[in-house]
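Visitor: I should like to go through this model term by term. Please set each label against its definition as we proceed.

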Amino acid sequence: MSCLKLQCYPGIFLLIGGLLMATPLKALTQDDQACSQDQVKFQTGYGCWVYHDTGDNTGRPVKVWYYNPTKFSTQGGKVIFAMHSSDRNAKAVRAQWRSYADLHGALILAPEFSREYYPKGRHYNRGNVRNSKGQIQPESDWTFNTIEEIFDLVRGVFPAAPSQYSMQGHSAGGQFVHRMVMMSPDYRIETAVAANSGWYLLPDQNYNYSCGVSNISQSQQNLNKGYARKLVVALGTKDNDPNAKWLSHDSCAEMQGSHRYARGKFFYEYARKDAANRGVPFNWKLVEVQGAEHKSADMLEAGADEILEPIYNDKAVILGVKQDATIKRSYPTRNYGQRTTLQIDGNSEKLTYMQFDLRSIGQIDAAILRVEVTDPSNGVQAIHEAGSENWSEVTLTFNNQPGLKDLVTTIDGAAVGELNIDLTDFIRSKLGGMATLVLSSSDANGLYVKSKESGSPPALVLYP
C-alpha cells in the first residue's frame, strides 16, 4: 500500500483533441437515470449505458454506470472496474470512486449484475461458470467474460485507451474479482483487488468449481499465469465475526476459516504454497487494513492505493531507517543493535527502537512506515514516540533506554510479508529533526520484522 491519504499527488494529465470529441463537456449528476440503450456513450461526469450480451446471457442486460472525469486521459490514465457487492448497488460503488477519479484522471466503470437478471451467487459471485445443473458452461457465457466485452466497447470509443484495466471488488465483488484472476489467463487485468471476500476458490484438484478447479479444463484456467498477475487480497482486521450476515457456512467455506479475515489469510497462504510447489512466480499481495470491518468504504482506500501505486510511486521518497535495535527486559544490560531481526513481544517484554532522520525532508502529504514481517502475530502492538533522541543502536540496552512518550498508533497484528502503517500526522510533527519510534506490546504473541542489517530494512515512504 503506497499512499493512505486521498490527497496524494494529483496526477497531471493532458486532454487530447480526440478525447474531447468523444466526451462532450456536459456533466451528468449522480442522480441521472438516463441509460443509453442503443450506443455506448461517455459524457463528462456521471452516466450510464446498457450492455446486451449474447449466448446464455441473452436477455440479461447489464447497466454500465460510469464516471468520466474532466481530465481522463488515454495518455497515462487508468480504466477501473468497480465491482459491487451482493447489494448490487453499482451506482453507490461508482460514487465512492469519484474523488480518486477526479484526482488521478481515471475512468470508472461499475457494471450492475442486477438481481432481476443475475439473481443467484452462481450468476455473479462465481462468474456464471456453472449452470443450474452444475455443468461447466462455455467461457463466452461466463460473467467474467462480460467484463472483457465491456472493455472492448470502451476501447472502441477511446482507441488510445490503456490496453489493460484494473478492478476492485468488496465482499461478493471480491469473490468475483479473485475468481476471475484465477480463471482464463487471457483476461487483460493489470491490478485486481479482492476485498473481504466471504470465501475463496482454492487451487485444488480435489474439489469441483467453485471450491476447487478439478472440473475446469486447462484451457479455461492456468494457475501458473494467474499467480503471475497482480492480485491484492485486502482484509479488514476487524472483519472477524463468525456470525456475520450473509457469511457462507457451507463445507468449503468453513474449511477456510470461521470468518472472512481468517479465510482471506488461509486462501493467500494456500495459494502461496501452491505457487512455490509449482516453482512459478507469485506476484500476489496480502494487505491488512487495521481496524477495518466489513464495510466497502473502509477498504476502498487500500484498493485505490494498490491500483494507483505507479502514479504514487513516481513521487515517493524512500527514507531508510537511520538506526534500530531491540531491547529485552530479561537481559537488561545486553545490546542487540546489530541483529538482522527486530522483536516486539509482551510476554518477555521485548521492545524495538527505530530512528529516522527527517532534517532534510520538507512538507509531506503522507508518510507510511514499511517493514518486512518475518514472524507473524495475531496480537496487538503499540507504537510510541521515544522519550529522547539521544541513543545509539550499538549501546542501547533495556536499562539505558530513553523510554516512551505519547502513543502514535497501534497495530492489530500482521501476517508474514510487507506491513504498511500510516504515520502521517506523527511524521509531520517531527519534520526538520529526528524521529524515534518505539514498538512494544502487552500481548504474548510476538511480532518480528527485519532490521537495518537485513536485506529489507524498515523505511518511511514519504509523499511530498
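**Labels and their grounds**

Visitor: What makes β16 and β19 paired strands?

Guide: Five bridges join β16 (residues 381-386) to β19 (residues 434-441), and the two run antiparallel. Two strands pair if DSSP finds at least two bridges between them, so β16 and β19 count as a pair. Helices and strands here are DSSP runs numbered from the N terminus (helices H or I, at least four residues; strands E, at least two). Within this pair, H384 stands opposite V438 in β19.

Visitor: On what basis should such details be read?

Guide: This is a predicted model, in which local features need pLDDT of at least 70 and side-chain atom pairs count only at pLDDT 80 or more, while totals for chains, interfaces and linings use all residues. Residues are numbered from 1 along each chain as its sequence is written, and side-chain values use heavy atoms, with hydrogens and water left out.

Visitor: How confident is the predictor in the protein chain?

Guide: The mean pLDDT, the predictor's confidence in each residue from 0 to 100, is 88 for the protein chain, and 90% of its residues reach 70 or more. Confidence is highest in strand β7 (residues 165-170), at a mean of 98, and lowest in helix α1 (residues 17-22), at 31. Over residues 1-32 pLDDT stays under 50.

Visitor: Which sheet has the order β12-β14-β19-β16-β17, and why are β12 and β17 said to stand at the edges?

Guide: That order belongs to an open sheet of five strands with antiparallel pairing. β12 (323-328) and β17 (404-411) each have a single partner strand, so one side of each is left without a neighbour in the sheet. Neighbouring strands of this sheet are turned by 25 degrees against each other on average, direction ignored; the angles are taken between axes, which are lines fitted to C-alpha atoms (for helices over the stretch in contact), and run from 0 to 180 degrees between N-to-C directions.

Visitor: What makes β7 a mostly covered strand?

Guide: Six of the six residues of β7 are buried, a label that requires under 20% relative accessible area (exposed is over 50%, partly exposed in between; 1.4 Å probe, protein chains only). Y165, M167 and G169 point one way from β7, S166, Q168 and H170 point the other way, and all are buried.

Visitor: Which strands pair with β7 in the parallel sense?

Guide: β5 is joined to β7 by four bridges, and the two run parallel; M83 stands opposite G169 in β7. Strand β8 (residues 189-195) also pairs with β7 in the parallel sense, over five bridges, and M167 stands opposite A192 in β8.

Visitor: How do you know that F267 is buried?

Guide: The relative accessible area of F267 is 0%, which is under 20%, so the residue meets the definition of buried. F267 lies in helix α8 (residues 260-278). Leaving aside neighbours within four places in sequence, F267 is in contact (heavy atoms within 4.5 Å) with residues including H178, M182, Y200 and W284.

Visitor: What makes a set of residues a nonpolar core, and which members of the largest one touch the most others?

Guide: A nonpolar core is a set of buried Ala, Val, Leu, Ile, Met, Phe, Trp, Tyr and Cys residues joined through side-chain atoms within 4.5 Å. The largest has 57 residues, of which F81, M83, L109, F144, Y165, M167 and M180 touch the most other members. Helix α5 (residues 172-182) supplies the largest share of this core, six residues. A second, separate core of 29 residues includes V50, A90, Y100 and A292.

Visitor: How do you know that the span of α4 is close to the expected one?

Guide: Helix α4 (residues 143-157) has 15 residues and reaches 22 Å from its first C-alpha to its last, close to the 21 Å expected. The expected span is 1.5 Å times one less than the number of residues. Among the buried residues of α4 are F144, I147 and F151, and what covers the buried residues includes β7 and α5.

Visitor: Are N196 and W246 buried or exposed?

Guide: N196 counts as buried because its relative accessibility is 1%, whereas W246, at 70%, is exposed. N196 has a positive phi of about 50 degrees although it is not a glycine, and W246 has one of about 70 degrees. Most residues other than glycine have a negative phi.
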